[in-house]
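Trainee: Could we examine this structure together and ask how each term is justified?
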Amino acid sequence: MTIDQVIDSLKRDSGFNSNTTYWKHIPAREAEYAEFPENLDKRIITALQKHGIKKLYTHQADAITSAISGKNTVIVTPTASGKTLCYNIPVLNAVLHSREARALYLFPTKALAQDQLTELHSIVELLEEDIDFDIKSYTFDGDTPQSARKAIKSSGHIVVTNPDMLHTGVMPHHTTWVKLFENLQYIVIDEIHHYRGVFGSHLANVIRRLKRICRFYNSNPVFICCSATIANPVELAEHVTGEPMFLVDNNGAPQGEKYFILYNPPVVNRELGIRRSYIKETQRIASRFINHMLQTIVFMRTRMSVEILLTYLKDFMRKNKKSASLIRGYRGGYLPLQRREIEKGLRDGSITGVVSTNALELGIDIGRLQVCVMAGYPGTISSTWQQAGRSGRRTGLSLAILVASSSPLDQYIVNHPEYMFSKSPESGIVDPDNLVILLSHIKCAAFELPFDTDERFGGRFDGSGGLDSTQEILEYLAEENVLHRAAGKWHWMADTYPAEAVSLRSAAEENVVIIDKTRPDEKVIGEIDLFAAPLMVHDEAIYIHEGQQYHVDKLDWERRKAYVHEVNVDHYTDAQLKTDLKVIEIFEENQTLTNTTGYGEVVVSCVATMFKKVKFNTHENIGWAKINLPELELHTMAFWYSFPEEIAQSIGVDNQQLGDGIKAVSNVLSRVVPLFVMSDMRDFASMPMVRAPLWQKPTVFIWDQYPGGVGFSKKLFHIYQDVARASIGLVSDCGCENGCPSCVGPVLEVGEYGKSTALLLLDYMVKNAGK
Amino acid sequence: MASIKEKLRGLSHISAAAPAAERRESDSSSRIISELDARIVENDYGAYVFREKRFSLNFVHGVPLHEFLELKGPDFVCAGKNQELEGMQPDKVLFIDTETTGLAGGTGTYAFLVGVGFFADSEFVVRQYFMRDYGEEPALLHALSRVLQDKTGLVSYNGKSYDIPVLNTRGIINKDRIPWDAFKHLDLLHASRRLWRKTITPCTLQNIEQNILGFRREGDIPGWEIPALYFDFLRNRDYEPIVPVFKHNVMDILSLVSITVNICRAFSGYENLQQNQYDYFSIIKTFEELGDHSKAVHACEVFLEYESLPELVQILLKNATLLKKMNRMEEAERVWFKVIDRVNRFFPEPYTELAKYYEHKLRDINRALEIVERAEKRMNIIAELRGGLNNDIKEQLIYRKQRLVRKLKQTGEGGET
């Protein structure tokens, strides 16, 4: 069957359709072309024409014009719309104009950087027929051999790297990159929506350092950023680069017709809100396409589930007398050569199906497939579109199916297609001024170049802006004996290399490593953040990892290690955490007669007090013990919403119900936040208080789970009503009776009236707008 | 509202710093400066501490210093294994060694003390430039560029990868660049490793002094302690603890002179080397790689006279290869037989070389076949002892033998082609 026939058969399949919540038909789109910009070097036009590119798409022409005229530009385009030309052309144009010109490309991963070069080389080759010098482009990362580094530093026109390498390998040695920095004309940041939360806040500071170095070498590069569709591309790019941005989003690339189906596995236990396994459902759906030899990509959330599904699908092929080698897996951990081979197989059609983690979500060229099946919501709408964009050719029909898991976000998405298909609601949020992150980068910056005693870190190229707190932070570092003030400058004064101690990606500063001692050769099976460790891996806990139970023999708190061994027992453990929250400083507050909202600095202290052993199925309590671990403190930013004291009466519930209801609201709000603020669920934590200490009112707190916060709570202060509204949607559409893990949390946690009270409270939040 | 500093302390769990140490110039400063016989000098870029020590040419630091002045271009070429050092003139050489604020490298590392040495006015002059604070760096760098003005060569220990990159970085950051690439640079680290890698481990400056120059430093400070000493000085201005750094640096400079002399002499005087101290093979290879084959052969002959030579087989084979290159085949033949008959009859290379010589040069197929068969016997013994033989060697042997047998058949017994 062809894809058209398969889609028709799906439409007629009532069993399938009883589980679909939405069919979106996206009609084909014609290309919109524009002429080559006037001031573009004619040799580039010739090369592009040789390459088969006769005209530019509208967004390409606009982006190129903007970048060539020296405007910082952010380009928002869907997958496979030819965005790389948007930055390659202005850069090559600059090199043709002056062969000393240099450009720096930043990609979030090494793999993407490698892939980028292949594409660039193909244009450069054609261009070199018309010029009398070589245009050199290189990747520079941890794998670059020492012997090649000298040539890259002095003669690479285009240096392609990642933020981590720029941070630890390039900038602390900027004097060996004089040619690059003196002649830097463009900085390209691709996949900028990737840089959000902690990683984005770090990158913004890496860029502040980069600009400082450029100023020293008298260069004034233009930023070209590319983003997937998000709610705030300009804001995000401006926060990351610290410069005003010009937006280009008039996508002119053609697109074939597409169907996008939202699929929700059927409920098997209504009371507990349990649905059929989304992995099994994915398998059934994917087999259907593969059976008809339609080229299909299946996205899984974890490496483990890739292997599980791969086994299923290979078995399926064998049973149907087809070659199992037509189906391949793809994930981190596969060897580069193997990956290249799979990518090639996908491009030339010799591979029918691939099961992948999000490793194939970004840029790597695998051609375009016919069907994309996503096992579970990928976490953000922009990721969903990027994955879905892996199916779909410029002409002809394609299909994308999202199979929801039972997590709250998945359930929300499948039941509210408007979130997927209208204007993107999700924002990329960063806080470059987070003190912990800022402090780390000011140290790195001082190592790179001494600070002036009137310098403001983070200023624009034109000299404006910069942080008021710069000098105070420098003084602090001098008191810590890291800096030394002399002759109007702050100098580095330590025999250390500060960039090495700063990881751009880690959310928590420290993790607890989990070590399996079942067999003589000890094995690290995972990591857990410091704040979760007292709950999950205290002494004698039963820790569950990828379906296997482990007994925690010892949590070595000092060394941040938990030693475990495999067990098979009939119970689990449930630790009690005593959490306390103190508001230190209110930054913004909005008080009305009906409610108070605010955001500010808080200290959250947690201590695990005891744990219960609970029998599976019957939930009998079969023992308990104390936990002796130190209290943890987190200084961070929080958002809060306070109901009036008499809220219980006004919505007609008793105090017990109110308590449960607030707990339920606290759960659901924190789970829905990632719909609006691109983040992981574990980037937040929330806490209900029936009587908040300062103001004695029922209050819900939601805070950034990172020291100093990264801007999430502040955003929440402004958009909490949207979050509350979405929460109502999630809870009221949920098929469970009194609460389940897909909405407000299990009944055991939120009580029999938790769900109904939560709906009343959320409704109150939406109706009693603060402003 | 908490101040930024208070917040930082709360966030990073660093306890409040000890009260800032007194910034007052310590009482000892003028005394120590005079004790060091240093003075404060000012130029257009500011002030710095300047210290000069002069040594008579007859001063002996392992060797008398004047011996350096007797070195010639070819000596430097051999020492550095680099033809470009031909033009190095002893009186235009600057010996250089820096003391820095860190061993990690990178732009945050400063050279707070730069020591240089050179020959002038029939004396050896050591000059030291020291910054009392970071603000004096521009003046220090400027002074350094002045002393470089009439120099064309550099001698350092690990300067190519360490001291010069640090100074280059400092120059760029202070917008006062020195064209370091224009100097002929002899880095003694590489030269020393070539000569002493096997006999002195690790091959550090201090170990060379002890083993080659024959003295041990008294009361010297280990290099890794130096950054901390300087940071302490910046905080409390007490010169006392850093006096040893100045002395350490002077010793380093003097040793650069003596070690250069020693290395150059190892090449120019290879006939009279003290035994068991040098990597003889490396000396031969240096001559060879510089293109002086006859000297390389001569060196082989000299070293082969030594008793219990550790690299005996290596040197014999090198000797034969060199002779072959020079087309002194009969001598090469003798050396190959020497290996087979007297040193190691199981070594395959001489057999192969001899077979090639007989087959292609002398066109004596019988002799070639005879030597191949001899080799085969030896190799079979090895194969039995080791339970197998390197396949390449075996295949080569078989192949060569087959070809020889074939040739013999074609041309008739003993015939010439």
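Mentor: Let us begin with α13(B), which passes α14(B) in a left-handed crossing. The model is predicted: local features need pLDDT of at least 70, side-chain atom pairs count only at pLDDT 80 or more, and totals for chains, interfaces and linings use all residues. Residues are numbered from 1 along each chain as its sequence is written, and chains are lettered from A and ligands numbered from 1 in the order in which they are written.

Trainee: Why is this crossing of α13(B) and α14(B) called left-handed?

Mentor: The term applies because the near helix is turned anticlockwise from the far one by less than a right angle; clockwise would be right-handed. Helix α13 (residues 329-343) of chain B and helix α14 (residues 348-361) of chain B pack at about 145°, their axes 9 Å apart. The angle runs from 0 to 180 degrees between N-to-C directions, with axes fitted to C-alpha atoms over the stretch in contact.

Trainee: Which residues of α13(B) and α14(B) meet?

Mentor: Among them are Trp336(B) and Ile340(B) in α13(B), and Leu354(B) and Tyr357(B) in α14(B). Contact requires C-beta atoms, placed from the backbone, within 7 Å.

Trainee: What makes β23 and β24 of chain A edge strands?

Mentor: Each pairs on one side only, in the open, mixed sheet β23-β22-β26-β25-β24 of chain A. Pairing demands at least two bridges found by DSSP. Between β24(A) and β25(A), which run antiparallel, there are 4 bridges, so the two strands count as paired. In β25(A), Tyr550(A) is the bridge partner of Tyr543(A).

Note on methods
Two residues are in contact if their C-beta atoms, placed from the backbone, lie within 7 Å.
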